[in-house]
Amino acid sequence: MASLASADVAAQGQGVTGRIPQTGRWVAAAGRVEPASEEMRLGFDIPGRISEMLVEEGDRVSRGQPLARLADADIQARLEQARADVASAEASLDKVVAGARAMERVEAAAVLREASSVAANARRESERRSDLVARGVISREEADRAEKDFLVARQREEQARQRFHLVNDPSRAEDVRKAEAEHARAVAQLEEARAYVEKALIRAPLDGVVLRKHRRAGEMVSTNFDSPVVTVGDVTVLRVRADVDEKDVDKVRVGQRAYAVADAYGDRRFEGRVIRVARMLGRKNVRTDDPAERLDTKILETLVEFAPGEEIPVGMRMDVFILMD
């Protein structure tokens, strides 16, 4: 095991300057505090001008709570138009499915009975005049005129019968399908309008705290580049993301005890346990002004979680000591 003096030098080389354990084996690493949910940088899905910022830094928020809103007069107008289109499509569909009203059916039946009566009278008159022509009582011209009247009356009767069937029969399947398709399209456009209304809002994805407010009411936001509006996180449980030097990666395991210290808290130790060890090396996340600190070192991100209820500012730099015994 390395001597205490050499261990102190190694720890300082990693940017660790806090109180170093005097006994036992340990791995030192520099880290920063973050919420268990990690920091969630929230922005809008569409560009526009912020009309309202509904929270301030430090405010507690609940899942689904609105945090910011874009100016959305045009989007609201589109929503109202979509609602009107759905109402119109529903009325058309109901009309097609229900068919004609009872009064229309009664009227069509009455017209058919009248036309049938007229046609029957015209037929009898035509037959009577044909008999009179055969007996030489009237001229052929009068009989032809009566036959013509009968043919016209029979045509009108057929038209009335077709009208009655059109009104009285159920709606055609193709007409119903067309009306249903129009209604479905209107409903889809309404859902699209509602989705755009939601895009003009930022809602809290979890119960937590507003950590940072990046924008103010009246500012423009764009989707062409990273443009967060607020950062939120669940600070019920805090953890520190530590940069473990690549030479120590074989000494770190999930479940090991650890503690963290910071100059702001004096000798106070924040106890915790290792809950996650990365599977890939990366660059340092935490740097100091110490000229002896190595910047070219590869590190393994390791998460140490504190007990619930600890109150430490998110983003604070801390020195972490992972105990190997």
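Trainee: Over which residues does pLDDT stay under 50?

Mentor: That applies to residues 1–10 of this predicted model. For residues 1–10 the model has 7 contacts beyond four places in sequence.

Trainee: And what does the protein average in pLDDT?

Mentor: The average is 82, and 83% of the residues score at least 70.

Trainee: How many helices and strands are there?

Mentor: The protein has 5 helices and 14 strands. Of its 325 residues, 36% count as buried. The accessible surface comes to about 19,400 Å², with 49% of that belonging to carbon and sulfur atoms.

Trainee: What share of the contacts is long-range, say 24 or more positions apart?

Mentor: Among contacts with a separation of 6 or more, residues 24 or more positions apart account for 77%.

Trainee: On to the interior. Which residues have the most contacts inside the largest nonpolar core?

Mentor: They are Phe44, Ile50, Leu67, Leu70, Ile202, Val229 and Val230, in a core of 27 residues. The elements giving two or more residues to this core are strands S3 (48–53), S5 (66–70) and S9 (230–233), together with helices H2 (73–98) and H5 (173–199). The largest share, 5 residues, comes from H2.

Trainee: What does Leu70 touch, leaving out residues up to four places away?

Mentor: Leu70 touches Phe44, Ile46, Pro47, Gly48, Arg49, Ile50 and Ser51, and also Ala200 and Val221. Apart from this core lies another, of 20 residues, among them Val252, Ala258, Val274 and Met318.

Trainee: Back to H5. Why does its length agree with what one should expect?

Mentor: H5 has 27 residues, and at 1.5 Å a residue these should span 39 Å. The end C-alpha atoms are 39 Å apart, so the two values agree.

Trainee: Which residues of H5 are buried?

Mentor: The buried residues of H5 are Val176, Ala179, Ala186, Leu190, Ala193 and Val197. As general background, an α-helix has 3.6 residues a turn, so residues three or four places apart point the same way.

Trainee: Now Lys213. Where is it, and is it buried or exposed?

Mentor: Lys213 is in strand S7. It counts as buried because its relative accessibility is 9%, and the cut-off for buried is under 20%.

Trainee: What is the side chain of Lys213 joined to by a polar contact?

Mentor: The side chain of Glu56 is the partner, with a polar contact of 2.9 Å. Leaving aside neighbours within four places in sequence, Lys213 is in contact with Met53, Val55, Glu56, Glu57, Val229 and Val230. The C-alpha atoms of Lys213 and Val229 are separated by 6.3 Å, with their positions 16 residues apart along the chain. Val229 and Val230 were also named above for their contacts inside the largest core.

Trainee: Asp245 next: buried or exposed?

Mentor: Asp245 counts as buried, at 6% relative accessibility. This residue is found in strand S10 (residues 238–245), and its side chain reaches the backbone nitrogen of Lys247 at 2.9 Å.

Trainee: Which loop holds Val237, and what does that residue touch?

Mentor: Val237 is found in the loop between S9 and S10. Not counting residues up to four places away in sequence, Val237 touches Pro35, Ala36, Glu305, Phe306 and Pro308. The C-alpha atoms of Val237 and Pro308 are separated by 4.8 Å, although the two residues are 71 residues apart along the chain. Val237 counts as buried, with a relative accessibility of 18%.

Trainee: Where is Pro205, and how far is its C-alpha from that of Val61?

Mentor: Pro205 lies in the loop between strand S6 (201–203) and strand S7 (208–213). Its C-alpha atom is separated from that of Val61 by 9.4 Å, and the two residues are 144 residues apart along the chain. Pro205 is partly exposed, with a relative accessible area of 28%. Its contacts beyond four places in sequence are Met40, Leu42, Arg63 and Val232.

Trainee: One last residue. What is the phi of Glu38?

Mentor: Glu38 has a positive phi of about 65°, although it is not a glycine. Glu38 is found in the loop between strand S1 (26–35) and strand S2 (40–42), and at 33% relative accessibility Glu38 counts as partly exposed.

Notes. Residues are numbered from 1 along each chain as its sequence is written. This is a predicted model: local features need pLDDT of at least 70, side-chain atom pairs count only at pLDDT 80 or more; totals for chains, interfaces and linings use all residues. Side-chain values use heavy atoms; hydrogens and water are left out. A nonpolar core is a set of buried Ala, Val, Leu, Ile, Met, Phe, Trp, Tyr and Cys residues joined through side-chain atoms within 4.5 Å. Buried means under 20% relative accessible area, exposed over 50%, partly exposed in between (1.4 Å probe, protein chains only). Helices (H or I, at least four residues) and strands (E, at least two) are DSSP runs, numbered from the N terminus. Contact means heavy atoms within 4.5 Å. Accessible areas come from the Shrake-Rupley method with a 1.4 Å probe; for residues, only the protein chains shown count as cover. pLDDT is the predictor's confidence in each residue, from 0 to 100. The expected span of a helix is 1.5 Å times one less than its number of residues. A polar contact is a pair of N or O atoms within 3.5 Å; within protein, one must be able to donate a hydrogen and the other to accept it, and residues adjacent in sequence count only if both atoms are side-chain atoms.
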